[in-house]
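Welcome! Here is a short briefing on how some helices pack against each other.

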Amino acid sequence: MKILVTGTAGFIGFHLVEALMARGDEVVGIDNICDYYDVNLKYARLAASGVKKESVRLHAEARSSLHPGYRFIMMDLLDRDALSGLIAREKFDVVCHLAAQAGVRYSLENPYAYIDSNITGFVNVLESCRSSETKHLVFASSSSVYGLNEKMPFSTSDNVDHPVSIYGATKKSNELMAHTYSYLFGIPSTGLRFFTVYGPWGRPDMAPFLFTKAIIEGKTIDVFNNGDMERDFTYVDDIVEGVVRIIDRPPKADPGWSGTAPDPARSKAAYRIYNIGNRSPVRLLDFIGLLETKIGRPAVKNFLPMQPGDLAATCADVDDLVRDIGYAPATPFEKGIGKFVDWYRDYYGV
């Protein structure tokens, strides 16, 4: 298929491109390469996909030297004309929208970045898909939408009207916006709520990267909620396997859906929401202990109270994803963390 992937200089986007190239799809990737974190890591991901830094210029097409089917264009989602022109010109079979302003804690400091990228940017994607009659829109949501929910595991059939961060609120908004466009304009849309994705080439603002860096350098790590936290860590290869399978499966309207007892995960429109996680939460202190073992030195811990906007625990109910696409995360946490630490040491030479 011919697929547009937004956010291909990002963590998940980079890995998704590699998977789509391996099976022979044609991919155009876009990213604005913002400086929310080290842009050198973003350029290094592009280089690992065969896109050299010197070939990357705003709105210019850079072809991969490793993958003949991959083209990259530096583009901002807020550039409505450029985005709509690209989608109209290329006539993609699928738009896979992964680009976003990420991070829960940063949303406390700079909420406007989230409104611009995650709300305005997303409506630009939707409008472009509408104009070009895109056959399937796949978009990234987040476990952050569950907010104050306490019933575990988190289910897509649960109400998610109580987010605790602007980031989570924008992701819930994306789900509502996508449903509206699916209902009004017939755009088949699938939203994927990612649960704490980790692995090689991971984001520097996330715990595996932050903790690994600090432990190796002998610096203190901040342990929030005094370590009483759990996360449903999901290895990036398992995430990407799920995304690829979803790309191949546009949703259909559910004839059994009822407005008198509405299921938030499905609709009378061609719309679907899935959790995509590992189904096996890991305690924060156990995670740190595993890092200590893999790195070979103890962590210096600074225990702190709960950070505003954080969730104490996450755990994904993925039964519907297992049933519909045969999704089964296959990477044990110990193995995945080992691969991340090995990548980190190799990439930074430590």
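Is the crossing of α7 and α9 right-handed or left-handed? The crossing of α7 and α9 is right-handed (clockwise turn of the near helix from the far one by less than a right angle; anticlockwise would be left-handed). This is a predicted model, where local features need pLDDT of at least 70, side-chain atom pairs count only at pLDDT 80 or more, and totals for chains, interfaces and linings use all residues. Residues are numbered from 1 along each chain as its sequence is written, and side-chain values use heavy atoms, without hydrogens and water.

**Helices α7 and α9**
- Helix α7 covers residues 207–217 and helix α9 residues 284–295; their axes come within 10 Å and cross at roughly 45°.
- That angle makes α7 oblique to α9 (oblique means outside under 35 degrees, over 145 and 65 to 115).
- In α7, the contact (heavy atoms within 4.5 Å) is made by Ala 207, Pro 208, Phe 211, Thr 212, Ile 215 and Ile 216.
- From α9 come Leu 284, Phe 287, Ile 288, Leu 291, Glu 292 and Ile 295.

**Helices α1 and α8**
- The axes of α1 (residues 11–22) and α8 (residues 236–247) come within 9 Å and cross at roughly 60°.
- α1 and α8 are therefore oblique to each other, and their crossing is right-handed.
- Phe 11, Ile 12, His 15, Leu 16, Ala 19 and Leu 20 of α1 meet residues of α8 including Val 236, Asp 237, Ile 239 and Val 240.

Methods:
Axes are lines fitted to C-alpha atoms, for helices over the stretch in contact, and angles run from 0 to 180 degrees between N-to-C directions. Helices (H or I, at least four residues) and strands (E, at least two) are DSSP runs, numbered from the N terminus.
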